[in-house]
Amino acid sequence: MNLTLKVWRQKGANVKGALETYQVKANEHMSFLEMLDVLNEDLISQGKEPVAFAHDCREGICGTCNLVIDGRPHGPQQGTTVCQLHMRAFKDGQTIVVEPWRAAAFPIIKDLVVDRSSFDAIIQAGGFISVNTGQAQDGNAIPIEKDTASLAFDAATCIGCGACVAACPNGSAMLFTSAKVSHLALMPQGKVEHEKRVQKMVAQMDLEGFGNCSNTGACEVECPKEISISNIARLNRSYVGSVLSSD
Amino acid sequence: MINLDAKVPEGPLEDKWTNYRSKMNLVAPNNKRRLEVIVVGTGLAGAAAAATMGELGYNVKCFTFHDSPRRAHSIAAQGGINAAKNYQNDGDSVYRLFYDTIKGGDYRSREANVHRLAEVSRNIIDQAVAQGVPFAREYGGLLANRSFGGVQVSRTFYARGQTGQQLLIGAYQSLSRQISLGNVQMYNRHEMLDLVKIDGKARGIIARNLLTGKLERFAAHCVVLATGGYGNVFYLSTNAMNSNVTAAWRAVKKGALMANPCYTQIHPTCIPQSGEYQSKLTLMSESLRNDGRVWVPKKKEDAVAIQEGKKKGVDIAEGDRDYYLERRYPAFGNLVPRDVASRAAKVECDKGHGIVSTGKGVFLDFASAIQRYGKSAAHTQGINNPSATKIVELGEAVIKEKYGNLFQMYEKISGENPYKNPMKIYPAVHYTMGGVWVDYNLETNVPGLFALGEANFSDHGANRLGASALMQGLADGYFVIPYTVGPFLSGEIRTEKISTDAPEFAAAEKNTQDQIDKLMNVKGKQSVESFHRRLGKIMWEYCGMARNEEGLKKARKMIRELRAEFWSDVFVPGSKDEFNPELEKAGRVADFLEMGEVMILDALDREESCGGHFREEHKSEEGEAKRNDADYTYVAAWEWDENEPKVHKEHLVFENVELKTRSYK
């Protein structure tokens with residue numbers, strides 16, 4: 001298949017970027033990133049600089065890849081990261097626009113690569129259970145009801161890619177933050193410091209420059225792990241509750 | 001010859017670790033505050049080590065080339081983690097896990113290390129649960145288990161098909177807590193490019209800031225490498241694109257030894273390659289072999305018809321299918337260890353019975369399991385005389401519950417529905433048992449330099465059992481290194497803070513800068529990627545699932561030629577003073593081009609077949625691997641030399657286990 005790509009090129013954080021047009025030959029068995037590999041090999045063979053894009057595991061689990069394809073984070077396929085998106089989702093002759101995540105809290109580093117260290121900062125603010133190595137009791141001493149464990153798991157599947165932020169018109173990180181809050185709050189081990197955790201993580205989220213949540217639901221639609229927006233409701237209930245109960 | 005002292009403690013096997021911990025030299029809390037530790041890598045081993053040593057009070061600096069510690073490739077592990085909990089009351093014990101691991105490794109690992117691993121395996125599960133890792137549960141709320149290859153008990157704990165992700169997030173969260181407390185200083189997007197030695201001891205690293213391109217110096221009292229394996233030497237593997245051997249290799253060039261590099265694990269169940277452009281291979285978890293049956297058509301004409309797309313797997317009658325693992329290995333069937341399953345697939349495909357267009361693929365079929373589970377579910381739900389459709393519907397629901405995300409991933413990649421058609425799979429490079437040589441303390445032959453997890457060679461011998469990589473990474477990080485760093489650091493309490501102004505730092509920085517300049521200045525015509533692909537082809541062809549003397553000798557020559565060509569014709573675009581992924585890759589491929597040669601030399605040296613290392617000259621009449629215990633019961637530890645790398649040997653002593661021919665029949 002023959003494709004026309006319009007790819008965002010930007011030398012660095014403080015330089016203006018623009019879309020550049022390229023032609024690329026692909027086939028439907030390739031992943032989207034393998035198609036970009038082909039483009040890059042072609043650019044290198046012409047002595048030009050390849051397009052910088054973030055990627056690593058190419059199995060949909062590390063959360064590194066972050067492309068907005070034709071306006072949609074991770075492209076057109078539901079519940080799929082870009083690395084798992086295959087070219088059979090596109091048509092011969094199609095023009096495809098490829099851009100990076102765009103959000104105030106994710107500054108561009110180069111071309112399609114952005115800085116997501118603000119996510120690490122949110123986790124560092126409280127996204128953990130305070131237990132030192134060696135302090136744990138026997139694993140089976142904490143029974144967890146199967147459905148509850150499953151609900152916690154659904155929230156824990158977040159890969160920290162940031163598609164929720166990129167999809168949100170306000171650049172909010174509520175889906176990411178609430179997924180971690182839910183994962184830990186739903187399990188008995190995480191309940192102990194739940195209220196403090198919510199407050200600290202929300203405060204850090206604001207500090208990092210993420211926008212407010214206005215319940216558009218775009219995050220849930222674009223999340224490659226299909227994390228539910230009900231986590232945001234859970235966070236909001238806990239947050240309000242914790243503010244009211246704290247002195 | 002370097003004397004490789006394993007420093008195994010005295011006493012009976014089961015008491016060694018307890019006695020060691022009781023008698024080792026400790027570092028007092030006031031001294032811990034003054035001591036600095038560098039941890040390179042943030043996968044299971046690195047994150048666990050950095051977090052735990054931070055908790056203990058050491059000053060930790062932790063490095064990753066990723067944009068966040070959470071991206072390390074441990075995250076991609078699917079199936080599970082072993083632990084000798086015996087929650088299933090099925091006869092498991094520390095000794096049995098130890099024995100299975102020694103036997104699975106084809107008697108080429110160190111008894112004392114493996115026993116310690118089995119002992120601490122139990123603590124890992126407790127620790128992970130306490131951190132909030134959402135392991136699979138039974139209806140009673142207790143932890144669930146499943147089986148993995150090469151064992152006859154259910155000791156594998158799992159979190160859907162995302163066990164690695166959940167365990168890594170647990171370790172990452174612990175690490176994040178220590179970062180927030182100021183005990184660990186985290187350096188993202190920093191790649192270690194050299195080890196700095198002062199007076200023979202590891203005292204720091206040179207790292208490149210990948211955003212600015214600047215080389216930076218970092219000093220500490222000791223250095224811990226947790227930088228993963230070297231599977232990407234094959235180009236196509238299940239490793240992440242950026243996984244590399246550079247940190248470990250640069251340490252080898254500073255005097256550490258690379259042990260058993262020829263032991264590479266070829267995983268039997270990966271999605272077959274579909275074209276030349278392919279950048280990586282995707283694993284389908286070994287857990288699928290609990291319920292999937294592996295087969296190829298008995299008749300060659302059926303195989304050819306499938307290869308040409310004229311027939312499908314479902315068109316082949318039951319009697320015309322060869323369930324070759326069940327036929328050859330009735331005791332373990334589809335759950336034979338990885339090396340055995342991979343070689344068996346190769347044998348069938350080499351005979352012309354492969355089922356994909358390239359001829360390199362076999363079926364993994366869930367139809368029997370769907371029937372079995374469907375009937376059982378119908379019975380549970382009180383449905384009498386269920387229709388065939390109902391059975392399939394119920395059976396598929398059970399399979400979906402167990403392996404849903406794997407089936408979904410398979411469908412995304414292959415475009416085929418694995419509930420309706422058997423999966424197509426083929427072996428692919430997955431893990432490397434070889435790694436930096438370490439003693440019982442996980443310390444290399446360079447004092448103060450430690451290696452953990454896949455980066456070291458210590459626990460899996462010539463073949464790793466499924467669900468044991470996560471166990472080893474976390475054991476090393478949480479429960480071993482926090483103790484075993486003690487004997488070294490307790491001798492350093494009077495050592496002042498190490499200064500990065502030392503001439504050794506300047507020299508190492510210059511050495512690194514020179515290499516980068518050399519890469520940039522070749523200004524040739526061929527891309528880094530094209531060299532990597534060619535290297536991978538040589539390695540897979542001559543040092544892959546089967547090896548022989550003639551091929552290995554040829555491959556060594558080819559690699560040396562390719563290396564020379566690389567240094568005279570590689571093209572690295574962009575500049576060195578900026579974010580430049582091509583330059584990063586160039587440095588890594590340069591190291592793979594040397595590592596590959598050592599792997600080949602090791603494979604040549606080892607005139608026997610064991611585990612993942614199969615020499616065609618050494619096999620039984622039935623085609624099984626034939627070990628040579630009299631001459632090769634040793635660890636081969638290689639010292640790098642551009643012209644003629646040298647081998648040093650650690651002889652393995654087995655006091656508790658009798659060396660037997662490994663049989664899964």
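Two strands are taken to pair if DSSP finds at least two bridges between them, and the elements named along this tour are DSSP runs numbered from the N terminus, with helices (H or I) of at least four residues and strands (E) of at least two.

What is open in the viewer is a predicted model, in which local features need pLDDT of at least 70 and side-chain atom pairs count only at pLDDT 80 or more, while totals for chains, interfaces and linings use all residues. Residues are numbered from 1 along each chain as its sequence is written, and chains are lettered from A, with ligands numbered from 1, in the order in which they are written. The predictor assigns the complex an ipTM of 0.98 and a pTM of 0.97.

**Chain A**

Select chain A, whose secondary structure comes to 9 helices and 7 strands and whose C-alpha atoms fill a box of roughly 60 × 40 × 35 Å along the principal axes. Of its 247 residues, 55% count as buried, that is, with 20 or more other C-beta atoms, placed from the backbone, within 10 Å of their own (12 or fewer would be exposed, and anything in between partly exposed).

Next, select residues 95-100 of chain A, which form strand E5 and pair in the parallel sense with strand E1 (residues 2-9) of chain A over 4 bridges; here A:Val7 stands opposite A:Val98. Strand E5 of chain A also pairs with strand E3 (residues 67-69) of chain A, in the antiparallel sense and over 3 bridges, and there A:Val68 stands opposite A:Glu99.

**The side of chain B that touches chain A**

Moving to the contact, in which two residues count if their C-beta atoms, placed from the backbone, lie within 7 Å, one finds 61 residues from chain B and 64 residues from chain A. On the chain B side, helix H6 (163-180) is among the helices that each supply at least two residues, and H6 of chain B gives the most, with 9 residues.

**A sheet in chain B**

Chain B averages a pLDDT of 96, pLDDT being the predictor's confidence in each residue on a scale from 0 to 100. Select its open, antiparallel sheet of 4 strands, which run in the order E16-E10-E20-E21, with E16 (435-436) and E21 (646-651) of chain B as the edge strands, each pairing on one side only. Within this sheet, E10 (residues 258-259) and E20 (residues 634-639) of chain B pair over 2 bridges, and B:Ala259 has B:Ala637 as its bridge partner. Finally, add helix H18 of chain B, which packs on the sheet, touches E10, E20 and E21 of chain B, and has a direction that makes about 145° with that of E20, where axes are lines fitted to C-alpha atoms (for helices over the stretch in contact) and angles run from 0 to 180 degrees between N-to-C directions.
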